[in-house]
Each structure stands twice: as structure tokens, then as C-alpha cells.
Amino acid sequence: MTGHESNVGRATIAHFASHWLAHGFANLPRLLTLPTLARLSVAGPVVVVGLGPSLERNIEHLTRARGRALLVTSTHALTTFDRLGIVPDVVVAIDVQDLRWQLASLTLERVPVGLAGVTVNPEVR
């Protein structure tokens, strides 16, 4: 790790630590009532898709994989998925910031499984 990376890491912790703690404690009661991942049965391949330049280049592969593989992505790539007409099987939210603005215009009701990290803003449902 370079000195710059170390400084960025410290700055990230300094900026978000209070949010991580507050969100984690606020989410605890709800976490106790949610189903576990044990209910998610995967019999075939799993494709984890991030947001990056290769996403649009590989759209045809994702389209063919739909229904034959479990497609997993993050909230960051969801806008691109939605624009391209692909519905992922699982969406993972890990961002501590308020994602409601990012998710508001998307068609999430077709996404079968949503996973959220304990530090996700508790207002995101």
C-alpha cells in the first residue's frame, strides 16, 4: 500500500465511521427479522457484475446468461442494467450514503433478491 492509498483509507474512515456506526445500530432490529441467504439456492453458475467499461461491451453475454446463471450486481451498476433492459437476480447495496435518489427511478420490483450491508442507510428499504 502506498502512502497515498493509506491516506485515502484514513480519510474514508474518518469521514464515514460515524455513519457506519449509526447505520449499523439503526439496522440491527430489522436485521433480526430478515431472511438469511440460506434461502437462496444456486444450482448453476453465478456471474458477479460490477460497474466498469466492460459492462456495456459484454451486454450480449449478460443477455444470454440471463435465466441460465444467477446475475449479481451492485446498486452502482443497476442504472446501467435498467437502461439496457437486464434484470439482475440479486442486487447488493453496500454504500453508506443515502441510495434512495439512485434507486428512485429504477424498476426494482422485478429484482427477486436485494441484499444490504449492515451499514447501508436505514432509510433504504
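This report describes the largest nonpolar core and the salt bridges of a predicted model.

## The nonpolar core

The largest nonpolar core of the model is made up of 11 residues in all, namely V49, L55, L62, A65, A69, L71, A77, L78, F81, I86 and V91. Two helices, helix 3 (59-65) and helix 4 (75-84), each supply at least two residues of this core, and the largest share, 3 residues, comes from helix 4.

A useful residue to follow through this core is F81, which is one of its members. When the neighbours of F81 within four places in sequence are left aside, F81 is in contact with V49, L55, L62, T73, I86 and P88. Among these partners, V49, L55, L62 and I86 are also listed in the core.

## A salt bridge between helix 2 and helix 4

The count of salt bridges in the model comes to 3. One of them joins the side chains of E56 and R83, with a distance of 2.4 Å from N to O. Because E56 lies in helix 2 (residues 53-57) whereas R83 lies in helix 4, this pair ties together parts that are 27 residues apart in sequence.

The surroundings of the two side chains can be described by their relative accessible area. E56 has a value of 42% and is therefore partly exposed, while R83, at 52% relative accessibility, counts as exposed.

## A salt bridge within helix 3

The side chains of R64 and E60 also meet in a salt bridge, in which the distance from N to O is 3.0 Å. Both residues belong to helix 3, and because they are 4 residues apart there, they are separated by about one helical turn. R64 counts as partly exposed, at 44% relative accessibility.

## A salt bridge between two loops

R66 forms a salt bridge with D89, and the closest N and O atoms of this pair are 2.5 Å apart. The pair links distant parts of the chain, since R66 is found in the loop between helix 3 and strand 2 (70-74), and D89 is found in the loop between helix 4 and strand 3 (90-93), 23 residues apart.

Are the partners in this pair buried or exposed, when they are judged by relative accessibility? R66 has a relative accessible area of 33%, so this residue is partly exposed. D89 has a relative accessibility of 12%, and because buried means under 20% relative accessible area, D89 counts as buried.

Note on methods
Residues are numbered from 1 along each chain as its sequence is written. This is a predicted model: local features need pLDDT of at least 70, side-chain atom pairs count only at pLDDT 80 or more; totals for chains, interfaces and linings use all residues. Side-chain values use heavy atoms; hydrogens and water are left out. A nonpolar core is a set of buried Ala, Val, Leu, Ile, Met, Phe, Trp, Tyr and Cys residues joined through side-chain atoms within 4.5 Å. Buried means under 20% relative accessible area, exposed over 50%, partly exposed in between (1.4 Å probe, protein chains only). Contact means heavy atoms within 4.5 Å. A salt bridge is a side-chain nitrogen of Lys or Arg within 4 Å of a carboxyl oxygen of Asp or Glu.
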